[in-house]
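Me: I would like to learn how to read a protein structure step by step, beginning with its sheets and ending with its interior. Could you take me through this one?

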Amino acid sequence: MEKLCSGCLKHGCTNNRNNIFQKKQYIKKLHVVDWLSNIKPPFLLDNCDLVEVQFKNDRKEFFQNTEKINLCKGDFVTVESKSRGYDIGTVTLTGELVKLQIRNKKNPLNYSRIRKIYRKSTDKEITIWNLSKKKELKSLLKAKKIAKNLNLSMKICDVEYQGDGEKATFYYTAEDRIDFRKLIKELALAFCIRIEMRQIGYRQEAAKIGGIGSCGRELCCSTWLKNFKSVTTNSARYQQLSINIEKLTGQCSKLKCCLNYELDAYLSAIKDFPDINCKIHTEKGIAQCMKIDVFKKQMWFAYIKNPNTWFRIEIKKIKEILENNQISPPIEKLSTIDVIQKTELTFK
(Lines give C-alpha, C1' and ligand atoms only; values in the text may rest on other atoms or scores of the structure.)
Protein backbone atom coordinates (compact mmCIF):
# COMPACT_ATOMS: atom_id res chain seq x y z
CA MET A 1 0.00 0.00 0.00
CA GLU A 2 1.19 3.49 -0.72
CA LYS A 3 2.12 5.62 2.26
CA LEU A 4 0.17 8.78 3.01
CA CYS A 5 2.03 12.07 2.86
CA SER A 6 2.99 13.70 6.14
CA GLY A 7 0.16 16.21 5.86
CA CYS A 8 -2.57 13.61 5.36
CA LEU A 9 -3.03 12.64 8.97
CA LYS A 10 -2.45 16.11 10.40
CA HIS A 11 -4.27 18.33 7.92
CA GLY A 12 -6.73 15.92 6.29
CA CYS A 13 -5.01 15.84 2.90
CA THR A 14 -6.97 13.56 0.56
CA ASN A 15 -4.77 13.55 -2.56
CA ASN A 16 -2.85 10.37 -1.81
CA ARG A 17 -5.86 8.80 -0.14
CA ASN A 18 -8.02 9.22 -3.24
CA ASN A 19 -5.24 7.82 -5.42
CA ILE A 20 -5.07 4.74 -3.23
CA PHE A 21 -8.80 4.14 -3.56
CA GLN A 22 -8.66 4.62 -7.32
CA LYS A 23 -5.67 2.34 -7.76
CA LYS A 24 -6.67 -0.51 -5.45
CA GLN A 25 -10.48 -0.14 -5.81
CA TYR A 26 -11.06 -1.05 -2.18
CA ILE A 27 -14.71 -0.03 -2.16
CA LYS A 28 -17.08 -1.83 -4.52
CA LYS A 29 -20.82 -2.03 -4.94
CA LEU A 30 -22.40 -4.77 -2.87
CA HIS A 31 -23.92 -7.44 -5.08
CA VAL A 32 -27.47 -8.75 -4.94
CA VAL A 33 -27.70 -12.35 -3.70
CA ASP A 34 -29.09 -14.48 -6.52
CA TRP A 35 -31.32 -16.72 -4.39
CA LEU A 36 -33.21 -17.92 -7.49
CA SER A 37 -30.13 -19.17 -9.33
CA ASN A 38 -30.79 -22.86 -8.61
CA ILE A 39 -34.58 -22.70 -8.93
CA LYS A 40 -36.15 -23.69 -12.25
CA PRO A 41 -38.95 -21.44 -13.58
CA PRO A 42 -42.51 -22.89 -13.37
CA PHE A 43 -44.59 -24.19 -16.27
CA LEU A 44 -41.51 -25.16 -18.32
CA LEU A 45 -40.81 -21.57 -19.29
CA ASP A 46 -37.46 -20.60 -20.78
CA ASN A 47 -34.93 -19.08 -18.42
CA CYS A 48 -34.40 -15.32 -18.53
CA ASP A 49 -31.60 -14.62 -20.99
CA LEU A 50 -30.71 -11.25 -19.45
CA VAL A 51 -27.49 -10.94 -17.44
CA GLU A 52 -26.20 -8.14 -15.19
CA VAL A 53 -22.54 -7.35 -15.80
CA GLN A 54 -20.35 -5.10 -13.66
CA PHE A 55 -17.44 -3.07 -14.98
CA LYS A 56 -15.15 -0.69 -13.10
CA ASN A 57 -16.42 0.69 -9.78
CA ASP A 58 -20.20 1.07 -9.70
CA ARG A 59 -20.96 0.79 -13.42
CA LYS A 60 -23.39 -2.05 -14.14
CA GLU A 61 -25.26 -2.81 -17.34
CA PHE A 62 -27.61 -5.50 -18.66
CA PHE A 63 -26.78 -7.76 -21.60
CA GLN A 64 -28.55 -10.46 -23.56
CA ASN A 65 -27.25 -14.01 -23.50
CA THR A 66 -28.46 -14.96 -26.98
CA GLU A 67 -25.96 -17.83 -27.32
CA LYS A 68 -27.34 -19.51 -24.15
CA ILE A 69 -23.87 -19.62 -22.59
CA ASN A 70 -23.80 -21.27 -19.16
CA LEU A 71 -22.85 -18.33 -16.94
CA CYS A 72 -22.32 -18.11 -13.18
CA LYS A 73 -21.67 -15.22 -10.86
CA GLY A 74 -18.05 -14.07 -11.10
CA ASP A 75 -17.45 -15.21 -14.67
CA PHE A 76 -15.53 -12.85 -16.95
CA VAL A 77 -17.47 -12.22 -20.15
CA THR A 78 -16.69 -10.45 -23.41
CA VAL A 79 -19.61 -8.21 -24.36
CA GLU A 80 -20.63 -5.94 -27.18
CA SER A 81 -19.40 -2.37 -26.80
CA LYS A 82 -21.36 0.80 -27.50
CA SER A 83 -18.81 1.67 -30.14
CA ARG A 84 -16.22 -0.38 -32.00
CA GLY A 85 -14.49 -3.30 -30.32
CA TYR A 86 -15.52 -5.25 -27.24
CA ASP A 87 -15.59 -4.78 -23.49
CA ILE A 88 -14.95 -7.13 -20.57
CA GLY A 89 -16.92 -7.30 -17.33
CA THR A 90 -17.84 -9.60 -14.48
CA VAL A 91 -21.20 -11.38 -14.19
CA THR A 92 -22.99 -10.27 -11.01
CA LEU A 93 -26.54 -11.53 -11.54
CA THR A 94 -28.33 -14.06 -13.75
CA GLY A 95 -31.81 -15.53 -14.04
CA GLU A 96 -35.18 -14.13 -13.02
CA LEU A 97 -33.79 -11.64 -10.48
CA VAL A 98 -32.34 -9.60 -13.35
CA LYS A 99 -35.91 -8.62 -14.31
CA LEU A 100 -36.49 -7.34 -10.77
CA GLN A 101 -33.27 -5.35 -10.95
CA ILE A 102 -34.43 -3.76 -14.21
CA ARG A 103 -37.68 -2.66 -12.51
CA ASN A 104 -35.67 -0.83 -9.86
CA LYS A 105 -34.09 1.36 -12.51
CA LYS A 106 -35.41 4.91 -12.78
CA ASN A 107 -35.46 4.82 -16.57
CA PRO A 108 -37.23 1.87 -18.23
CA LEU A 109 -34.91 -0.38 -20.22
CA ASN A 110 -35.35 -0.54 -23.99
CA TYR A 111 -35.09 -4.26 -24.75
CA SER A 112 -34.47 -3.64 -28.44
CA ARG A 113 -31.21 -1.82 -27.59
CA ILE A 114 -29.80 -4.40 -25.19
CA ARG A 115 -26.35 -5.45 -26.32
CA LYS A 116 -25.14 -9.04 -26.53
CA ILE A 117 -22.69 -11.24 -24.69
CA TYR A 118 -20.20 -12.68 -27.17
CA ARG A 119 -18.52 -15.37 -25.08
CA LYS A 120 -16.68 -16.13 -21.87
CA SER A 121 -13.47 -14.14 -21.89
CA THR A 122 -10.36 -15.98 -23.02
CA ASP A 123 -7.03 -15.83 -21.17
CA LYS A 124 -5.60 -13.58 -23.87
CA GLU A 125 -8.50 -11.10 -23.57
CA ILE A 126 -8.21 -11.03 -19.77
CA THR A 127 -4.47 -10.38 -20.02
CA ILE A 128 -5.05 -7.40 -22.35
CA TRP A 129 -7.77 -6.12 -20.02
CA ASN A 130 -5.51 -6.32 -16.95
CA LEU A 131 -2.71 -4.49 -18.77
CA SER A 132 -5.16 -1.73 -19.72
CA LYS A 133 -6.35 -1.38 -16.12
CA LYS A 134 -2.77 -0.89 -14.92
CA LYS A 135 -2.48 2.17 -17.18
CA GLU A 136 -5.51 3.92 -15.69
CA LEU A 137 -3.84 5.71 -12.78
CA LYS A 138 -0.94 7.04 -14.89
CA SER A 139 -3.39 8.10 -17.60
CA LEU A 140 -5.51 9.93 -15.03
CA LEU A 141 -2.58 11.91 -13.66
CA LYS A 142 -1.36 12.77 -17.16
CA ALA A 143 -4.86 13.85 -18.27
CA LYS A 144 -5.13 16.15 -15.25
CA LYS A 145 -1.88 17.86 -16.22
CA ILE A 146 -3.06 18.34 -19.81
CA ALA A 147 -6.39 19.83 -18.65
CA LYS A 148 -4.53 22.17 -16.29
CA ASN A 149 -2.21 23.35 -19.05
CA LEU A 150 -5.25 24.14 -21.20
CA ASN A 151 -6.76 26.21 -18.32
CA LEU A 152 -10.02 24.24 -18.35
CA SER A 153 -12.23 24.68 -15.27
CA MET A 154 -12.95 21.00 -14.87
CA LYS A 155 -11.84 18.13 -12.67
CA ILE A 156 -11.02 14.77 -14.25
CA CYS A 157 -11.81 12.28 -11.50
CA ASP A 158 -11.59 8.86 -13.10
CA VAL A 159 -10.61 7.00 -16.27
CA GLU A 160 -11.83 3.64 -17.52
CA TYR A 161 -10.28 1.66 -20.35
CA GLN A 162 -12.38 -0.52 -22.60
CA GLY A 163 -11.71 -4.25 -22.40
CA ASP A 164 -9.80 -4.36 -25.68
CA GLY A 165 -7.68 -1.33 -24.70
CA GLU A 166 -8.75 0.63 -27.81
CA LYS A 167 -10.82 3.27 -26.02
CA ALA A 168 -10.66 5.24 -22.75
CA THR A 169 -13.54 7.03 -21.03
CA PHE A 170 -12.59 10.04 -18.90
CA TYR A 171 -15.11 11.05 -16.21
CA TYR A 172 -15.09 14.68 -15.12
CA THR A 173 -17.03 17.18 -13.03
CA ALA A 174 -17.55 20.84 -13.87
CA GLU A 175 -19.78 23.72 -12.81
CA ASP A 176 -20.39 25.01 -16.34
CA ARG A 177 -20.30 23.61 -19.84
CA ILE A 178 -16.79 22.84 -21.06
CA ASP A 179 -15.46 23.03 -24.61
CA PHE A 180 -13.12 20.04 -24.45
CA ARG A 181 -12.54 19.53 -28.19
CA LYS A 182 -8.93 20.64 -27.88
CA LEU A 183 -8.53 18.45 -24.80
CA ILE A 184 -9.72 15.37 -26.72
CA LYS A 185 -7.15 16.03 -29.43
CA GLU A 186 -4.39 16.36 -26.85
CA LEU A 187 -5.46 13.17 -25.07
CA ALA A 188 -5.72 11.23 -28.35
CA LEU A 189 -2.18 12.28 -29.27
CA ALA A 190 -0.88 11.41 -25.80
CA PHE A 191 -2.48 7.95 -25.49
CA CYS A 192 -3.02 6.99 -29.17
CA ILE A 193 -6.52 5.62 -28.50
CA ARG A 194 -10.13 6.73 -28.93
CA ILE A 195 -11.24 9.18 -26.23
CA GLU A 196 -14.69 9.71 -24.71
CA MET A 197 -15.46 12.46 -22.19
CA ARG A 198 -18.37 11.86 -19.81
CA GLN A 199 -19.61 14.42 -17.30
CA ILE A 200 -20.87 13.15 -13.94
CA GLY A 201 -22.26 14.80 -10.81
CA TYR A 202 -20.45 15.31 -7.54
CA ARG A 203 -22.36 12.45 -5.89
CA GLN A 204 -21.31 10.09 -8.70
CA GLU A 205 -17.72 11.26 -8.23
CA ALA A 206 -17.81 10.36 -4.54
CA ALA A 207 -19.28 6.96 -5.45
CA LYS A 208 -16.40 6.27 -7.86
CA ILE A 209 -13.60 7.40 -5.54
CA GLY A 210 -15.08 5.96 -2.34
CA GLY A 211 -14.12 6.79 1.23
CA ILE A 212 -15.19 6.64 4.87
CA GLY A 213 -18.11 8.70 6.13
CA SER A 214 -18.44 10.54 9.43
CA CYS A 215 -20.33 7.49 10.76
CA GLY A 216 -17.17 5.40 10.40
CA ARG A 217 -18.60 3.22 7.62
CA GLU A 218 -17.87 3.10 3.90
CA LEU A 219 -19.86 5.60 1.85
CA CYS A 220 -23.39 4.46 1.01
CA CYS A 221 -23.03 5.65 -2.59
CA SER A 222 -19.94 3.49 -3.13
CA THR A 223 -21.33 0.33 -1.50
CA TRP A 224 -25.08 -0.16 -1.93
CA LEU A 225 -26.93 3.04 -2.87
CA LYS A 226 -28.10 2.95 -6.50
CA ASN A 227 -30.35 5.96 -7.06
CA PHE A 228 -29.67 9.45 -5.72
CA LYS A 229 -32.68 11.35 -4.38
CA SER A 230 -32.72 15.09 -3.80
CA VAL A 231 -31.90 16.12 -0.22
CA THR A 232 -32.91 19.50 1.22
CA THR A 233 -32.37 21.24 4.53
CA ASN A 234 -36.05 20.56 5.34
CA SER A 235 -35.04 16.93 5.92
CA ALA A 236 -32.78 18.12 8.75
CA ARG A 237 -35.39 20.52 10.16
CA TYR A 238 -38.05 17.82 10.40
CA GLN A 239 -35.58 15.68 12.38
CA GLN A 240 -34.76 18.57 14.75
CA LEU A 241 -31.15 18.76 13.58
CA SER A 242 -29.19 21.98 13.78
CA ILE A 243 -28.47 23.45 10.35
CA ASN A 244 -24.71 23.07 10.48
CA ILE A 245 -23.57 22.75 6.87
CA GLU A 246 -20.18 21.30 7.81
CA LYS A 247 -21.84 18.40 9.64
CA LEU A 248 -24.70 17.87 7.18
CA THR A 249 -22.58 17.69 4.01
CA GLY A 250 -20.73 14.61 2.84
CA GLN A 251 -17.50 14.16 0.90
CA CYS A 252 -19.27 15.24 -2.28
CA SER A 253 -19.94 18.67 -0.69
CA LYS A 254 -23.67 17.97 -1.00
CA LEU A 255 -26.17 17.22 1.75
CA LYS A 256 -25.77 13.66 3.04
CA CYS A 257 -28.06 11.07 1.46
CA CYS A 258 -28.66 9.51 4.90
CA LEU A 259 -30.76 12.54 5.91
CA ASN A 260 -33.60 10.95 3.93
CA TYR A 261 -33.35 7.49 5.49
CA GLU A 262 -35.46 8.19 8.61
CA LEU A 263 -37.39 11.15 7.22
CA ASP A 264 -40.63 9.20 6.63
CA ALA A 265 -40.66 7.97 10.23
CA TYR A 266 -40.30 11.54 11.50
CA LEU A 267 -42.98 12.88 9.17
CA SER A 268 -45.49 10.24 10.28
CA ALA A 269 -44.70 10.94 13.97
CA ILE A 270 -45.00 14.73 13.58
CA LYS A 271 -48.58 14.40 12.28
CA ASP A 272 -49.85 13.91 15.86
CA PHE A 273 -48.19 17.10 17.11
CA PRO A 274 -49.90 20.47 17.42
CA ASP A 275 -48.57 23.29 15.27
CA ILE A 276 -45.04 24.19 16.37
CA ASN A 277 -46.04 27.88 16.23
CA CYS A 278 -48.90 27.39 18.71
CA LYS A 279 -48.92 29.47 21.92
CA ILE A 280 -50.32 28.72 25.36
CA HIS A 281 -52.11 31.68 26.97
CA THR A 282 -51.93 31.92 30.76
CA GLU A 283 -52.52 34.69 33.26
CA LYS A 284 -48.78 34.71 33.95
CA GLY A 285 -48.02 35.26 30.27
CA ILE A 286 -47.81 33.61 26.86
CA ALA A 287 -45.71 30.48 26.44
CA GLN A 288 -44.34 29.41 23.06
CA CYS A 289 -42.86 26.16 21.80
CA MET A 290 -39.07 26.02 21.94
CA LYS A 291 -38.34 22.41 21.01
CA ILE A 292 -40.11 19.12 20.32
CA ASP A 293 -39.18 15.53 21.18
CA VAL A 294 -40.62 13.54 18.32
CA PHE A 295 -40.51 9.97 19.62
CA LYS A 296 -41.29 10.75 23.28
CA LYS A 297 -44.20 12.85 22.01
CA GLN A 298 -43.37 15.82 24.18
CA MET A 299 -42.88 19.55 23.60
CA TRP A 300 -40.81 22.13 25.44
CA PHE A 301 -42.48 25.48 26.20
CA ALA A 302 -41.11 28.69 27.69
CA TYR A 303 -42.68 32.02 28.62
CA ILE A 304 -41.83 34.74 26.14
CA LYS A 305 -40.78 37.01 29.02
CA ASN A 306 -38.66 34.27 30.60
CA PRO A 307 -37.16 32.20 27.74
CA ASN A 308 -34.46 30.61 29.94
CA THR A 309 -36.96 28.42 31.84
CA TRP A 310 -38.36 25.56 29.80
CA PHE A 311 -41.30 23.29 30.63
CA ARG A 312 -41.57 19.80 29.11
CA ILE A 313 -45.20 18.76 28.51
CA GLU A 314 -46.80 15.78 26.77
CA ILE A 315 -48.64 16.59 23.53
CA LYS A 316 -51.86 15.05 24.88
CA LYS A 317 -51.93 17.61 27.69
CA ILE A 318 -50.98 20.42 25.30
CA LYS A 319 -53.96 19.64 23.08
CA GLU A 320 -56.26 19.83 26.12
CA ILE A 321 -54.79 23.20 27.16
CA LEU A 322 -55.17 24.61 23.62
CA GLU A 323 -58.81 23.49 23.49
CA ASN A 324 -59.49 25.09 26.89
CA ASN A 325 -57.86 28.34 25.69
CA GLN A 326 -60.50 28.60 22.99
CA ILE A 327 -63.48 27.88 25.29
CA SER A 328 -62.65 29.05 28.82
CA PRO A 329 -60.44 31.86 30.23
CA PRO A 330 -56.69 31.22 30.19
CA ILE A 331 -55.21 29.07 32.93
CA GLU A 332 -53.37 30.74 35.79
CA LYS A 333 -49.96 29.23 34.94
CA LEU A 334 -48.27 26.05 33.78
CA SER A 335 -48.87 23.93 36.88
CA THR A 336 -46.75 21.07 38.14
CA ILE A 337 -49.55 18.68 37.11
CA ASP A 338 -49.16 19.64 33.46
CA VAL A 339 -45.36 19.88 33.46
CA ILE A 340 -43.19 16.74 33.35
CA GLN A 341 -39.89 18.56 33.81
CA LYS A 342 -38.82 22.14 34.43
CA THR A 343 -35.38 23.18 33.20
CA GLU A 344 -33.64 26.48 33.81
CA LEU A 345 -30.97 27.32 31.25
CA THR A 346 -27.97 29.36 32.35
CA PHE A 347 -25.67 31.04 29.86
CA LYS A 348 -22.11 31.92 30.79
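The questions and answers below concern this predicted model.

Me: Which strands are the edge strands of the open sheet of five strands?

Reply: The strands of this open sheet are arranged in the order 2-1-4-3-5, with antiparallel pairing. An edge strand here pairs on one side only, and that description fits strand 2 (60-64) and strand 5 (117-120).

Me: Which helix packs on that sheet, and what angle does its direction make with that of strand 4?

Reply: Strand 4 (residues 86-94) is joined to strand 1 (residues 50-54) by four bridges, and Q54 stands opposite T90 in strand 4. The helix that packs on the sheet touches strand 3 (76-80), strand 4 and strand 5. This is helix 4 (residues 123-134), and the angle is about 105°.

Me: How many residues does the hairpin between strand 11 and strand 12 pass through?

Reply: Strand 11 (residues 298-303) and strand 12 (residues 306-314) are antiparallel and share six bridges, with A302 opposite W310. The hairpin that joins strand 11 to strand 12 passes through two residues.

Me: Which element gives the most residues to the largest nonpolar core?

Reply: This core has 20 residues, and L187 is one of those with the most contacts inside it. Leaving aside neighbours within four places in sequence, L187 is in contact with residues including A143, I146 and F170. The elements that give two or more residues include strand 6 (155-161), helix 6 (181-191) and helix 5 (136-149). The most, four residues, come from helix 5.

Methods:
Residues numbered from 1 in each chain as written. Predicted model: local features only at pLDDT ≥ 70, side-chain atom pairs only at ≥ 80, totals over all residues. Heavy atoms only, no water. Pairing = 2+ DSSP bridges. Contact = heavy atoms within 4.5 Å. Axes fitted to C-alpha atoms, helices over the stretch in contact; angles between N-to-C directions. Core = buried A, V, L, I, M, F, W, Y, C linked by side-chain atoms within 4.5 Å. Buried < 20%, exposed > 50% of the residue type's maximum accessible area, 1.4 Å probe, protein only.
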